[in-house]
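Here are my notes for your reading of this model, set out as numbered points. Please keep the structure open beside them and find each place as you go.

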Amino acid sequence: MATQSQTVERKSQIKEQYFDYFLILDFEATCKENEKIYPQEIIEFPVIKINAKTLQVESTFHQYVEPKVHKELTPFCTQLTGIIQDMVDGKPHLEETLQSFDKWMLDNKLLGADTKSLFVTCGDWDLKTMLPSQCSYFKIPVPKYFGQWLNIKKGFAEVTGSYPREMMGMLSSLQIPHQGRHHSGIDDCKNIGNILVELLHRGYVAKASCSNR
C-alpha cells in the first residue's frame, strides 16, 4: 500500500489536460477464422466516459448490435468475443445504435461547444477502418465527433519509449491487473481506461494521434 507521501508524489505528476473528458471506445465485430468477412459489422458498441480532472468513470454507453448481412455469428467470433447469438438477435442495428449513442452524448453534455472530449482506442482500427467502412457500405453518415482520436499505443510509447503490440502487453508493462475477458468490448474499454489513467499519473498529456478530418 502506498504511503501518504507516495500518493501525493504520484498525484503531483498529473498535468493539466487539453480535454475535459476521455471516451474509451472498443468495438467488437463479425469475423471468421483465417478469412476476411465483408462487410464486417459491429456487434458490440461500448464507450466509457472518464473525467479528465478526477480520472473517474462518470457514465457508460453499452449496446450489442444486430448485424444485417452476416446475421449468424461464427463459432470463432463467439469464442473470441464471448458474444453469443442471443446477445445480438433482435438488438438495434448500427443506424439505431448511432442514434442512441448521439442521445447519450447529448445527455452527458458532450456536444456543447465549450466541452472538449477525446475518443481513446487501442489501435486505429475502430475509428479509421471499422466504423467508416460499415457506414460507407450501408450509406450511413459518420458523426463528425468520431473524426479524431487517441491511439493509446502512441501514448504508451511516448511515456515508456517502447511501442506496444497489443493491450495485454501494455497492462503487463505498467503492472496493471487485467480485468474481465479479453476481446469483450466493454471489458477492453475498462482495461484501456486503466492504461490511460496510469499514463496520466506518469505525466502524460493526452492528444489526438489520428484524424479522419
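1. A term is needed before the pockets can be discussed: a strand here is a DSSP run of E of at least two residues, and strands are numbered from the N terminus. Please also bear in mind throughout that this is a predicted model.

2. On confidence, the mean pLDDT of the chain is 94, and 94% of its residues reach 70 or more. Residues 1-10 call for care, since their pLDDT stays under 50 and the model has four contacts for them beyond four places in sequence. Where pLDDT is low, the predicted coordinates should not be read in detail.

3. Turning to empty space, the largest pocket has a volume of about 390 Å³, and its lining is made up of 18 residues, with D26, F27, E28, W125 and H183 lying nearest the centre. Two or more residues of this lining are given by each of β2 (28-29), α2 (75-81) and α5 (125-137). Sorted by class, the lining residues of the largest pocket are seven nonpolar, four polar and seven charged.

4. The second largest pocket, with a volume of about 200 Å³, is lined by 13 residues, and those nearest its centre are L110, T115, S117, Y145 and R213. Strand β5 (residues 117-121) supplies three residues, the largest share of this lining. By class, the second largest pocket has seven nonpolar, four polar and two charged residues in its lining.

5. Helix α5, which gives residues to the lining of the largest pocket, also has buried residues, namely D126, L127, M130, L131, Q134 and C135. The cover over these buried residues includes β1 (21-25), β2, β3 (42-51), α4 (94-107), β5 and β6 (148-151). Just after α5, K139 takes a positive phi of about 55°.

6. Is S59, in strand β4 (residues 57-64), buried or exposed? S59 counts as buried because its relative accessible area is 15%, and the cut-off for buried is under 20%. The side chain of S59 makes two polar contacts that you can trace, one with the side chain of W104 at 2.9 Å and another with the side chain of N108 at 3.3 Å. Leaving aside residues up to four places away in sequence, S59 touches V47, I48, K49, W104 and N108.

How values were computed: Residues are numbered from 1 along each chain as its sequence is written. This is a predicted model: local features need pLDDT of at least 70, side-chain atom pairs count only at pLDDT 80 or more; totals for chains, interfaces and linings use all residues. Side-chain values use heavy atoms; hydrogens and water are left out. On a 1 Å grid over the protein atoms alone, a cavity is a set of points where a 1.4 Å probe fits but cannot get out, and a pocket is an open set with protein on both sides within 12 Å along at least five of seven lines; lining residues have an atom within 4 Å of a point. Grid points are joined across faces, edges and corners, and a volume is the space filled by probe spheres set on the points. Helices (H or I, at least four residues) and strands (E, at least two) are DSSP runs, numbered from the N terminus. Ala, Val, Leu, Ile, Met, Phe, Trp, Tyr, Cys and Pro count as nonpolar, Asp, Glu, Lys and Arg as charged, and the others, Gly among them, as polar. Buried means under 20% relative accessible area, exposed over 50%, partly exposed in between (1.4 Å probe, protein chains only). A polar contact is a pair of N or O atoms within 3.5 Å; within protein, one must be able to donate a hydrogen and the other to accept it, and residues adjacent in sequence count only if both atoms are side-chain atoms. Contact means heavy atoms within 4.5 Å. pLDDT is the predictor's confidence in each residue, from 0 to 100.
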